[in-house]
Amino acid sequence: MRALLIYPVFPKTFWSYEKILQLVDRKVLLPPLGLVTVAAILPQEWEFKLVDRNIRPATEAEWEWADIVIMSAMIVQKQDLLDQIKEAKRRGKLVAIGGPYPTSTPDEPKAAGVDFMILDEGEITLPMFVEAIQKGEMSGTFRATEKPDVTTTPIPRFDLLEFDAYDMMSVQFSRGCPFQCEFCDIIILYGRKPRTKTPAQLLAELDYLYKLGWRRGIFMVDDNFIGNKRNVKLLLKELKIWMAEHQYPFRFDTEASIDLASDPELMELMVESGFAAVFLGIETPDEDSLQLTKKFQNTRSSLTESVEAIIRAGLRPMAGFIIGFDGEKAGAGDRIVRFAEQAAIPSTTFAMLQALPNTALWHRLIKEGRLRDHKDGNINQTTLMNFIPTRPLGEIAREYIEAFCTLYDLDAYLDRTYRCFLMMGTPSWKAPFKMPEWKVVKALGIIIWRQGIKRPTRWKFWHHLFSMIKRNPGVAEHYLATCAHIEHFFEYRQIVREEIESQLAEYLAQGEEKPYVLEEKTEAMV
């Protein structure tokens with residue numbers, strides 16, 4: 001069986017990093033880890049070719065070669081997924097799909113002509129699909145009633161990837177999150193009991209990447225890397241040794257809950273194992289909104305002090321913020337900006353709240369009759385809310401635009417980044433010196449030209465850089481790399497403004513709905 005694996009296009013988002021990737025001559029930030037894992041689970045006597053459409057389209061020869069086309073997608077990739085399904089069917093190919101989007105909302109992709117729906121987690125449903133293929137069946141839907149044991153997951157087929165196109169690699173240690181945030185679909189897709197691989201499994205994946213020649217960053221894509229703190233500490237104790245033995249060939253980034261700050265041992269292990277940055281789902285500094293959306297873990301201690309503890313431990317924070325929670329008071333955008341400034345968080349994702357399919361928020365809004373026409377939602381920063389909020393949507397959208405643009409003002413960003421790295425701790429280890437790639441040297445030259453010569457930020461840039469080299473030299477390289485990120489964010493904020501203003505004008509022209517009035521029973525849900 002010849003299987004063509006196709007990964008659909010992502011629209012431009014905060015995470016697409018086009019301008020930064022252009023600096024280092026790379027196409028995409030991260031590879032499709034799900035598809036290379038699918039390739040490892042399927043029978044290895046099958047033949048595989050992988051096309052990441054964020055790099056290039058499939059060639060005519062690849063389409064002709066394939067017996068079956070297999071695709072995976074998240075909600076933001078929905079449109080290109082549907083287009084590729086239709087293209088494959090036009091060519092008379094069998095089509096199988098899976099991933100978070102089809103699992104959450106299977107009807108639309110099925111209506112596009114899919115033959116096989118491989119839903120939920122592939123360790124269980126892919127063998128069902130293979131059995132159907134072996135029986136000669138031409139269609140089917142495969143679902144799981146339980147969560148798989150990920151200690152059985154094989155090493156992903158990283159060899160199928162075009163390494164030069166990616167800025168970072170991806171690996172996964174755990175699935176699931178122990179918390180109950182109302183708006184989150186992770187606990188719906190993967191459950192609230194974090195399941196982890198064994199340390200030996202994860203190290204085997206790193207061994208394979210090392211053997212294939214990878215020597216850059218790796219994103220640990222767990223939605224909450226520290227969901228099972230006992231198991232993650234067991235991993236880190238072995239990873240720390242592996243990294244030292246291999247002379248620190250990688251640096252790691254990941255996602256974690258804010259309670260990371262309350263565990264100094266865990267933070268130290270992460271830093272000593274090569275972790276450099278962590279994404280934190282802060283959402284909002286408004287405690288009432290956190291309580292209402294059931295993000296209780298963010299209310300147990302000072303968020304500002306927690307972020308500072310993480311920075312001082314040696315980890316750069318990236319933070320997710322959301323505007324539009326029920327009961328939110330006017331000025332939420334300004335409060336988010338003030339918090340990011342106070343906490344010295346360089347990079348922040350920021351979006352209007354979306355009700356994602358099958359989440360607790362989704363079901364509550366259906367009962368309250370509040371979902372708008374485009375019901376599937378997404379997590380793009382250029383999309384209006386898909387439900388009626390408790391204050392005017394126009395007010396929320398305008399606050400969002402101004403806050404997003406303020407966060408990525410050139411001077412404000414450089415100042416935040418400077419303050420963050422001044423207080424950042426450094427690891428006890430140091431990787432051996434190696435000559436940087438020419439493309440990295442060229443990128444550095446472009447950053448110096450733009451930020452240190454061409455723009456009005458020139459004096460600030462040089463002051464901050466020389467001060468960093470003098471006062472905290474161990475983080476200077478990481479600091480410069482983070483300064484480079486503004487090249488994407490500064491331009492992207494104009495995209496956000498144009499897209500949101502356009503959608504808002506269309507929305508207002510239809511007659512703005514009245515804000516939803518919260519009832520006491522809604523508050524009693526907390």
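Trainee: Let's start with Ser 289: is this residue buried or exposed, and what is its relative accessible area?

Mentor: Happy to start there, and keep in mind that this is a predicted model. Buried means under 20% relative accessible area. Ser 289 falls under that cut-off, so it counts as buried, with a relative accessible area of 3%.

Trainee: Where does Ser 289 sit, and which residues is Ser 289 in contact with once its neighbours within four places in sequence are left aside?

Mentor: Ser 289 belongs to helix α12, which covers residues 287-292. Leaving aside neighbours within four places in sequence, the contacts of Ser 289 are Thr 284, Phe 325, Asp 326 and Glu 328.

Trainee: Asp 326 caught my eye. Which residue forms a salt bridge with Asp 326?

Mentor: In general, side chains of opposite charge can pair when their charged atoms come close. Here the closest N and O atoms are 2.7 Å apart, and the partner of Asp 326 is Arg 370.

Trainee: How many residues apart in sequence are the parts that this pair ties together?

Mentor: Arg 370 lies in the loop between α15 (360-367) and α16 (393-407), while Asp 326 lies in the loop between β13 (316-323) and α14 (332-343). Both Arg 370 and Asp 326 are buried. The pair Arg 370 and Asp 326 therefore ties together parts of the chain whose separation in sequence is 44 residues.

Trainee: Which residues are linked with Asp 326 and Arg 370 in a network of salt bridges?

Mentor: The structure holds 41 salt bridges. In the network that contains Asp 326 and Arg 370, the other linked residues are Glu 182, Arg 364 and Glu 368.

Trainee: Glu 328 was also a contact of Ser 289. Which residue forms a salt bridge with Glu 328?

Mentor: The closest N and O atoms of this salt bridge are 2.7 Å apart, and the partner of Glu 328 is Arg 391. The pair links distant parts of the chain, 63 residues apart: Glu 328 is in the loop between β13 and α14, and its partner in the loop between α15 and α16 is Arg 391.

Trainee: Is Arg 391 buried or exposed, and at what relative accessibility?

Mentor: Arg 391 has a number of contacts beyond its neighbours within four places in sequence, among them Ile 323, Lys 329, Ile 396, Glu 399 and Pro 515. Both Arg 391 and its partner Glu 328 are buried. For Arg 391, that label follows because its relative accessibility is 6%.

Trainee: What distance separates the C-alpha atoms of Arg 391 and Arg 493?

Mentor: These two arginines, Arg 391 and Arg 493, are 102 residues apart along the chain. Their C-alpha atoms are separated by 24 Å.

Trainee: Which helices hold Arg 497 and Glu 402?

Mentor: Arg 497 and Glu 402 form a salt bridge, with the closest N and O atoms 3.1 Å apart. The pair ties together parts that are 95 residues apart in sequence, because Arg 497 lies in helix α21 and Glu 402 in helix α16.

Trainee: How do the axes of α20 and α21 run relative to each other?

Mentor: The axes of helix α20 (residues 476-484) and helix α21 (residues 486-509) come within 5 Å and cross at roughly 20°. Angles under 35 degrees count as roughly parallel. The two helices, α20 and α21, are therefore roughly parallel to each other.

Trainee: Which residues of α20 and α21 meet?

Mentor: By class, the contact of α20 with α21 has 3 nonpolar, 2 polar and 1 charged residues. From α20 come Thr 482, Cys 483 and Ala 484, and in α21 they meet Ile 486, Glu 487 and His 488.

Trainee: What span should helix α9 have?

Mentor: Helix α9 covers residues 199-211, which makes 13 residues at 1.5 Å a residue. Its end C-alpha atoms are 18 Å apart, which agrees with the expected span of 18 Å.

Trainee: Which elements are included in what covers the buried residues of α9?

Mentor: The buried residues of α9 are Pro 199, Gln 201, Leu 202, Leu 203, Glu 205, Leu 206 and Leu 209. Their cover includes β7 (168-171), β10 (217-220), α10 (229-245) and β11 (252-256).

Trainee: Last one: is Ala 344 buried or exposed, and at what relative accessibility?

Mentor: Ala 344 is found in the loop between α14 and β14 (347-352), and its phi is near 55°, a positive value in a residue other than glycine. Most residues other than glycine have a negative phi. Ala 344 counts as buried because its relative accessibility is 1%.

Terms used. Residues numbered from 1 in each chain as written. Predicted model: local features only at pLDDT ≥ 70, side-chain atom pairs only at ≥ 80, totals over all residues. Heavy atoms only, no water. Axes fitted to C-alpha atoms, helices over the stretch in contact; angles between N-to-C directions. Helix = DSSP H or I, 4+ residues; strand = E, 2+ residues; numbered from the N terminus. Parallel < 35°, antiparallel > 145°, perpendicular 65-115°, else oblique. Contact = heavy atoms within 4.5 Å. Nonpolar A, V, L, I, M, F, W, Y, C, P; charged D, E, K, R; others polar. Expected span 1.5 Å × (residues − 1). Buried < 20%, exposed > 50% of the residue type's maximum accessible area, 1.4 Å probe, protein only. Salt bridge = Lys/Arg side-chain N within 4 Å of Asp/Glu carboxyl O.
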